[in-house]
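Open the model in a viewer and keep the selection tool at hand. The stops below go from charged pairs to the sheet, then to some loop residues and a surface patch.

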Amino acid sequence: MHISGLIAAAEQRLAEAGIEEAALDARLLFEHLTGFGRTHLVLHGDEEVAEADAACYRQLVERRRARVPLHHLTGTKEFWSLVFTVSPAVLIPRPETEFLLECALAVCKGAGPICQALDLCTGSGVIAVVLARELGCRVSAVDCSSAALAVAAGNVARHGTGELVSLVQGDLFAPLDPADSFDLIVSNPPYIVEDEIDRLEPEVACAEPRLALSGGTDGLRVIARIAAEAAAFLRPG
């Protein structure tokens, strides 16, 4: 089968399964498998695909059809115009996370120099890496999951921020020295009400780490702790 026909058939399979962005997902999975860019697909859509490659592609499509998240299949997610590694151990970065960073950076513009920042619940490390790159500051990135920190370590290395970002395992402020102080504290913590998680789309409810989703019975369990404890770790001003 030629490229365009294979992708079109995949799009139909995904659409039948209720995948909202079936056309985009079908194309991105093919690009991931082959390394071809979108221009190549447009210009060479009539090229034949080797049967072995076609079979691998169909397997990827069926996994996506089973609601495995696209970015778990590709292993990467673009964020802040950078490519980050993701896995089932971490939340997939979303536009809301970029909005959080935009707000944090806007606050920093009106403040004094930011020398030390703290990123709680760092997950894949995207917030810590972006802060280090944008502000040139040191960032302590905390997470209680060793699996998440392993992903974060790969992203820190990938983007050359190893000298600025320190990864710390523990529960929020607990692993920090009481004498530590920061110019900026940022977090994208778990905030979903526990009873609502199973009603989310399957890509979230069944594929992303519950530890990174659940905010307890009211969604505020982690947020309340951060709000109560953060002041002790903020520098004056």
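On this tour, a residue is called buried under 20% relative accessible area, exposed over 50%, and partly exposed in between. The model is predicted.

**Stop 1: a pair between two helices**

Select glutamate 62. Its relative accessible area is 34%, so glutamate 62 counts as partly exposed. Now add arginine 13, which forms a salt bridge with glutamate 62; the closest N and O atoms are 2.8 Å apart. Arginine 13 belongs to helix H1 (residues 3-16) and glutamate 62 to helix H4 (residues 51-65), so the pair ties together parts 49 residues apart in sequence. Arginine 13 is also partly exposed, at 32% relative accessible area.

Extend the selection to Glu16 and Arg65: with Arg13 and Glu62 they are linked in a network of salt bridges. In the whole structure, a search finds 14 salt bridges.

**Stop 2: two further pairs**

Select glutamate 51 and arginine 58. Their side chains meet in a salt bridge, with 3.2 Å from N to O. Glutamate 51 is exposed, with a relative accessible area of 53%, whereas arginine 58 is partly exposed at 37%.

Move to aspartate 198 and arginine 210, whose side chains form a salt bridge of 3.3 Å, N to O. This pair links distant parts of the chain, 12 residues apart: aspartate 198 is in the loop between S6 and H9, and arginine 210 in the loop between H9 and H10. Aspartate 198 is exposed at 58% relative accessible area; arginine 210 is partly exposed at 34%.

**Stop 3: the sheet**

Switch to a cartoon view and colour the strands S5, S4, S3 and S6. In that order, these 4 strands form an open sheet with parallel pairing. Which strands stand at the edges? They are S5 (165-169) and S6 (184-187); each has a single partner strand, so one side of each is left without a neighbour in the sheet. Neighbouring strands of this sheet are turned by 20 degrees against each other on average, with direction ignored.

Zoom in on strands S3 (residues 116-120) and S4 (residues 138-143), which run parallel and are joined by 5 bridges. To find one residue pairing, select alanine 117; its bridge partner in S4 is valine 139.

**Stop 4: two residues with positive phi**

Select cysteine 121, in the loop between S3 and helix H7 (126-135). Its phi is near 60 degrees, a positive value in a residue other than glycine. Cysteine 121 is partly exposed, with 24% relative accessible area.

Then go to tryptophan 80, in the loop between strand S1 (76-79) and strand S2 (82-85). Tryptophan 80 is not a glycine either, and its phi is positive, near 55 degrees.

**Stop 5: a nonpolar patch**

Turn on the molecular surface and select Tyr191, Leu220 and Ile223. Together these residues make a nonpolar surface patch of about 290 Å². Where is leucine 220 placed? Leucine 220 lies in the loop between helix H9 (202-205) and helix H10 (221-229). Is leucine 220 buried or partly exposed? Its relative accessible area is 44%, so leucine 220 counts as partly exposed.

Technical notes: Residues numbered from 1 in each chain as written. Predicted model: local features only at pLDDT ≥ 70, side-chain atom pairs only at ≥ 80, totals over all residues. Heavy atoms only, no water. Patch = residues over 30% accessible without salt bridge, like charges linked within 9 Å, V, L, I, M, F, W, Y side chains within 5 Å. Areas by Shrake-Rupley, 256 points an atom, 1.4 Å probe, with all protein chains shown as cover. Salt bridge = Lys/Arg side-chain N within 4 Å of Asp/Glu carboxyl O. Buried < 20%, exposed > 50% of the residue type's maximum accessible area, 1.4 Å probe, protein only. Pairing = 2+ DSSP bridges. Axes fitted to C-alpha atoms, helices over the stretch in contact; angles between N-to-C directions.
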